[in-house]
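Reader: I am new to protein structures and would like to learn how to read one, feature by feature. Could we go through an example together?

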Amino acid sequence: MRVATWRGGSEFTVDTVDDPSPGTGQVVIKVHSSGICGTDIHKTQGLFPGVPPEVLGHEFVGPIVELGDGVDSSMLGKMVGCTLVAACGECVSCKTWSGMHCEREPRLAGGFAEYVLIDQRQAHIVPDGLDPETASMTEPAACVISCLNMLGDIEEGCDALVVGGGLLGLFTVGMLRLRGAGRIILSEPNPKRLAMGRQFGADVLNDPTKDDLGELVNDLTGGWGVKIGAEAVGVPQLVANVSKMVRPRGNLVLVGVSPVGSPLPIDLYDIHYKEITISGAYGAGDAFAEALEALLRLKLEGVVSGRFPLEAIQEAFAASAGGEGVKYMIAPND
Ligand SMILES: [Zn+2]
Ligand SMILES: [Zn+2]
């Protein structure tokens, strides 16, 4: 089969390797769509840990085309979305933390390839009515849901701010809307992304290069700030900015992934005085199944900005890193 191997920096090669063959409890997926994640981009920019050579891509979906021993024969042909690890459900991390932190099971991904070998416990059947390309966005949707699950119940009708209108920011807007937030403000400099905030349920759109976000939040909230302030970019200074717009007893939510080693550029006295809770969540947590259902309730038209063959992966990464669109797909079998 053909795979796109990341060679370091922005360099990829398309290589022919042996077809995967499933062991006990494993299945082979024929990749229909494989989304380029912000963390994939960040790896190529040295902002997220990664050691080349590696076949990247962990947001993939496709039909199961081969079964290993011990897998129910009814799984053959099923369209599935996949978590990154097969949570054993028995280790301390699985029990007390999340399946993403399973101590026993290896990460099986590598979606920028014609086929991917996974453990059957990673596979989640795509519900009727959800097309495969959309279903490939389950992992990022689960990341957002996992972040919001940290907050517990969301206060009905509360004000919320989302900074960043990439896919994670838009999903954050959409999930806050589904969970009963009141007025939702989206701040994003790219006009196309910003406009898309409306279809996810944003009430107020802010282009921070034109209008001061702090003033806007002050005006709208009578100077109190928002109950929930989410940063969905992964830039520490933006996290600091959002922290200033969170009301007393509010939540500062880290949806974006800041680079490893980022210090917290926040006045900690502020956090103490305003009694703010800061939370983040790693990856999809245990929210994958919940995310598959949630995707059926979001309006996702126009979110996929481009679909590229394996051979054009460098071009696809460049387009994705350029930030013009929202989500870019690699389609190894089109
Ligand atoms: Zn991802
Ligand atoms: Zn485990």
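Reader: How do helix 4 and helix 10 lie relative to each other?

Author: Two packed helices are described by the angle between their axes and the distance between those axes. In this model, which is a predicted one, the axes of helix 4 (residues 138–149) and helix 10 (residues 288–295) come within 8 Å and cross at roughly 110°. Angles of 65 to 115 degrees count as roughly perpendicular, and helix 4 and helix 10 are therefore roughly perpendicular to each other.

Reader: Which residues of helix 4 and helix 10 make the contact?

Author: Helix 4 contributes Thr138, Ala141, Ala142 and Ile145, while helix 10 contributes Phe288, Glu290, Ala291, Leu292, Ala294 and Leu295. Sorted by class, the residues of this contact between helix 4 and helix 10 are eight nonpolar, one polar and one charged.

Reader: Where do the buried residues of helix 11 fall when one looks down its axis?

Author: It helps to begin with the list and then to ask about directions. Ile313, Ala316, Phe317 and Ser320 are buried in helix 11 (residues 313–322). Seen down the axis of helix 11, these buried residues fall within an arc of 100°, so they line one face of the helix.

Reader: What do the buried residues of helix 11 pack against?

Author: Their packing partners are strand 1, strand 2, helix 1 (38–44), strand 15 (304–308) and strand 16 (327–330). Just after helix 11 comes Gly323, which takes a positive phi of about 70°.

Reader: Strand 1 and strand 2 were among those partners; in which sense do they pair, parallel or antiparallel?

Author: Strand 1 (residues 2–8) and strand 2 (residues 11–16) pair in the antiparallel sense, and six bridges hold this pairing on record in the model. To follow the pairing by eye, one can begin at Arg2, which stands opposite Thr16 in strand 2. The hairpin of strand 1 and strand 2 has two residues between the strands, and Gly9 in this hairpin takes a positive phi near 55°.

Reader: What is the order of the strands in the open sheet of six strands?

Author: One reads a sheet from one side to the other, rather than along the chain. Here the order is 11-10-9-12-13-14, and the pairing is parallel. Strand 11 (204–206) and strand 14 (277–280) are the edge strands, each of which pairs on one side only. From one strand to the next, the twist averages 15°.

Reader: How many bridges join strand 9 to strand 12?

Author: Strand 9 (residues 160–163) and strand 12 (residues 226–231) run parallel and are joined by four bridges. As one example to look for, Leu161 has Gly229 in strand 12 as its bridge partner.

Reader: Which strands does helix 7 lie across?

Author: Helix 7 (residues 213–221) lies across strand 9, strand 10 (184–187), strand 11, strand 12 and strand 13 (246–254), and it runs at about 160° to strand 11.

Reader: Where is Arg249, and is it buried or exposed?

Author: Arg249 is placed in strand 13, and it has a positive phi of about 60° although it is not a glycine. A residue counts as exposed if 12 or fewer other C-beta atoms lie within 10 Å of its own. Arg249 has 10 C-beta neighbours inside 10 Å, so it counts as exposed.

Reader: What is the phi of Glu275?

Author: Glu275, also a residue other than glycine, has a positive phi near 55°. Its place is in the loop between helix 9 (268–274) and strand 14, and Glu275 is exposed, because 10 other C-beta atoms lie within 10 Å.

Reader: Which residues is Ile276 in contact with, leaving aside its neighbours within four places in sequence?

Author: With those neighbours set aside, Ile276 is in contact with Ser243, Val246, Gly250, Leu252 and Ile271. Ile276 is in the loop between helix 9 and strand 14, and it is partly exposed, with 19 other C-beta atoms within 10 Å. Ile276 and Asn251 are 25 residues apart in sequence, yet 5.7 Å apart in space from C-alpha to C-alpha.

Reader: Which residues does the cis peptide bond join?

Author: The cis peptide bond joins Pro52 and Pro53, with an omega of about 0°. Pro53 is found in the loop between helix 1 and strand 5 (59–67).

Technical notes
Residues numbered from 1 in each chain as written. Chains lettered and ligands numbered in written order. Predicted model: local features only at pLDDT ≥ 70, side-chain atom pairs only at ≥ 80, totals over all residues. Pairing = 2+ DSSP bridges. Buried ≥ 20, exposed ≤ 12 C-beta atoms within 10 Å, placed from the backbone. Arc of directions from axis to C-beta. Contact = placed C-beta atoms within 7 Å. Axes fitted to C-alpha atoms, helices over the stretch in contact; angles between N-to-C directions. Parallel < 35°, antiparallel > 145°, perpendicular 65-115°, else oblique. Nonpolar A, V, L, I, M, F, W, Y, C, P; charged D, E, K, R; others polar.
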